[in-house]
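This report describes how a protein chain meets two DNA strands. Please keep the sequence and the model open while reading.

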Amino acid sequence: MFKPPPAVKVSPSRPMEPPGSSLFNDHAADKRERLKSNVGYVKSMISRATPAQQAKNEKEFNDVVADYKTLRNLKDYCVHVDLDAFYAQVECLREPKYTRLPMAVGGDSMLSTANYPARKFGVKSGMPGFQAKKLCPQLVILPCDFKLYHKASWSFHQVLSKFDPDVRMAGLDEAYLNLSNFVADAPDGYSMNTVAYDGECQCNRPRKDDITEDDEVISSGDITCTICGMAQLYFNCTMNFSPGIDGMIRMLRMEVAMRTNLSCSAGIASSYYLAKVCSDINKPNGQFILPGDNDALDTFILSSPLKLFPGIGPTSSNSLAEFGIKTVADLLNHKKNLRFMVSNSQYYLLTRIVAGVDCPPDETEESTNETDNGIDSGKTVGTESTFTPTSNQAELVSLIRSFAKSAIESAKGDGVTSVGILFVKVKLGSYDVHTCSQKFNEQVPLTNVELLQNVSETLLTKFIAKQGKKDIRLLGVRYGELGMAPLSKVQTGLKSFLNKPTVGGRCVKRRKLEENTDPVTVIDLE
DNA sequence: ATACATACC
DNA sequence: TACTGGTATGTAT
C-alpha cells in the first residue's frame, strides 16, 4: 500500500510547563476535585456493601454479559473506515508543501486537526492553537474550510457506496460498511486498475512502491502533478489483492486514495462497535482485522484500555481509573462493585463492551423520533459563540438576540418551520455552564423572529438577575421539538448525504441511502 | 418540565 | 491575549 511521504525530521519538543493559574485551569481543577470527592463517596459505600449484595451484583454482571454474548455474530464483516487527520489532509491537496511540515487546522483558540508531522511535537486536535505553538513554534495553522471538507467527504462517500450501497456516514470523515456478503464472492481475490506515481511529486497518492511483482504495469510516462505542479512519473497498472476481507479492504483504501487523494484507515470486526476501535490501531493509512473468533475477541477486548471504547470519555475513564480500572480485564475484577461506580446506562455500555456486541437486545428496531404531526422531538438546532468575557448587559442582550436570529436561519436551512422549545446556554468567565429553557404551549413558527428573540432575552436577563453581575464568555440559543417541512422539499444541500449522527457508534443502525449513480469525481479545489 | 453532565467529531 | 461549535443522550430533581 502507499504510504505518506516521510515527515521532516525535527528536534523533539521541550516538556510541557506545569499548568499555571488561569480561570480555565482552576475550572479543570475544580472538576477533578468533584470527581475525586464523588469517587470517595462511592468507595465508602462499597466498604459498607454486604457480601450478599456483592454476590448478587457479580451474578447480575455475569448473566448480562452471557446474555449479550449470545448476540455475537462472528460471521459478520463490519468495517469502519476513517480518513486520516481529515481536515489537514484535505488542506494538503491545496497546499502540498504542508504534507511534510507541521500544520494544523483551526485557530489560536482551538485546533480541529493536526497533521502527523505536527503530532510528533505533541500537537493534538482539541488543543488550543496558542499552546500548540508553544510546543511547535513553526506550526502553521490554517483556518477551517468546511465547504471543501464537505466536497472531499462526498467523494469519499461515493467510493464507499460502491462497496456497500448501504454505507452509513458518521460525520464527514468516517463511515460504517457491512461487507459480510461481499467478501465470500471472490475466491481468487480482487484486481483493480490503478495509477501509481513516483518522482518529485510527494502528494498523498498511490506510490510506485505500492506496486508489487504480482501487479502488472500496463504503461508508464512522465507528467506534471496536477496538485503540486511537480514532476511526476506515472504507472498505469493492474493491482492484485488477496482474496478475503484483508485484500478487499486494501483495495477499498486504494480506491479511496485514487479517487480522493486521501489516505484512510480501516477496522474490520464482527461488530460495528469493535470495528471502530480497530480502525484506530494502525492509523494512519493502515488497517486492522479482529478475527471473528470467540477467543480472539475475548483476548482483544480484555487487554484493551477502556478509554479506547466509544462512549468512555475522559470523565468516565478518569473516574474508573480512580477505582483502579484501566482495562476491560480490570473491569472484570470489579464486577461485584461496578453497580456502585457507574450509572445504569454506563453499566450496560460496559457490559456490552465486555461481551463485544453492538446493541442491547430489543433495541435493534429502526427508530425515528418523528411523531405523526411532523414534530421531531429528538432533534435540536442552535448557534453558540464564545467572545471576550463581559458582564455588560446591553451587549449580552444584543448578542443573544443575534444568536436567536442565526439559530433561526440555521434551522430554516434544515427544513424546520416551527419550534416547541427554546434553550439558552450561558458559559461564565469561570467556565461554568448553565442552561435555561422554555417550552411553548404551542409550536412557534420560525417567522415569529421577535418572539423567539424576546424569549431568549428574557431567559438571559432572568438568569443574570439570579446570578448577579458576572462575566460571561459564551452565549447560545438552541431550538427543539422541531416542526419539519415535508422531507421532499429539504434534502438537497451538500450535507444531505450525511445521516443523523449516532453517538460514538455505540448503537449503529443502518439506514438506506439514495442510490448513487453519479461518477466519482476528484475533489474540486475551487 | 427544567437543569446539568457527558460524549463525539 | 488566547481553551470551539453543533448535536445527542442520560441523570437528577
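## Terms and model

A polar contact is a pair of N or O atoms within 3.5 Å. One such pair joins DNA strand B to the protein: an N or O atom in the side chain of Ser-316 is 2.5 Å from a phosphate oxygen of the strand.

The model is predicted. Chain A has a mean pLDDT of 88, with 86% of its residues at 70 or more. In residues 361-366 the pLDDT falls below 50, and this stretch makes 7 contacts in the model beyond near neighbours in sequence. Residues 500-521 also have a pLDDT below 50, with 56 contacts beyond near neighbours in sequence. Where pLDDT is low, the predicted coordinates should not be read in detail.

## The surface near DNA strand B

DNA strand B is surrounded by 18 residues, of which Lys-276, Gly-311, Ser-316, Cys-436 and Ser-437 are the closest. Sorted by class, the residues of this surface are 5 nonpolar, 8 polar and 5 charged. Which part of DNA strand B lies within 4 Å of the protein, sugar or phosphate, or bases? Sugar or phosphate accounts for 95% of those atoms, and bases for the rest.

Besides Ser-316, the side chain of Lys-276 places an N or O atom 2.4 Å from a phosphate oxygen of DNA strand B. At Gly-313 the partner is a polar backbone atom, 3.0 Å from a phosphate oxygen of DNA strand B. Helix H11 (314-322) and strand E14 (433-445) are the elements that give two or more residues to this surface. E14 provides the largest share, 5 residues.

## The surface near DNA strand C

Around DNA strand C there are 25 residues, and Gln-131, Gly-382, Glu-384, Thr-386 and Arg-473 come nearest. The surface has 7 nonpolar, 12 polar and 6 charged residues. Of the atoms of DNA strand C within 4 Å of the protein, 59% are in sugar or phosphate, and the rest are in bases.

Thr-386 has a polar side-chain atom 2.6 Å from a phosphate oxygen of DNA strand C. The side chain of Ser-343 has an N or O atom 3.1 Å from a phosphate oxygen of DNA strand C. For Ser-345, a polar side-chain atom is 3.0 Å from a sugar or linking oxygen of DNA strand C. The elements that give two or more residues to this surface are helices H1 (23-47), H5 (129-135) and H14 (344-355), together with strands E12 (375-390) and E15 (472-484). The largest share, 9 residues, comes from E12.

Definitions and conventions: Residues are numbered from 1 along each chain as its sequence is written. Chains are lettered from A and ligands numbered from 1 in the order in which they are written. This is a predicted model: local features need pLDDT of at least 70, side-chain atom pairs count only at pLDDT 80 or more; totals for chains, interfaces and linings use all residues. Side-chain values use heavy atoms; hydrogens and water are left out. pLDDT is the predictor's confidence in each residue, from 0 to 100. Contact means heavy atoms within 4.5 Å. A residue is near a molecule or strand if one of its heavy atoms lies within 4 Å of it. A polar contact is a pair of N or O atoms within 3.5 Å; within protein, one must be able to donate a hydrogen and the other to accept it, and residues adjacent in sequence count only if both atoms are side-chain atoms. Helices (H or I, at least four residues) and strands (E, at least two) are DSSP runs, numbered from the N terminus. Ala, Val, Leu, Ile, Met, Phe, Trp, Tyr, Cys and Pro count as nonpolar, Asp, Glu, Lys and Arg as charged, and the others, Gly among them, as polar.
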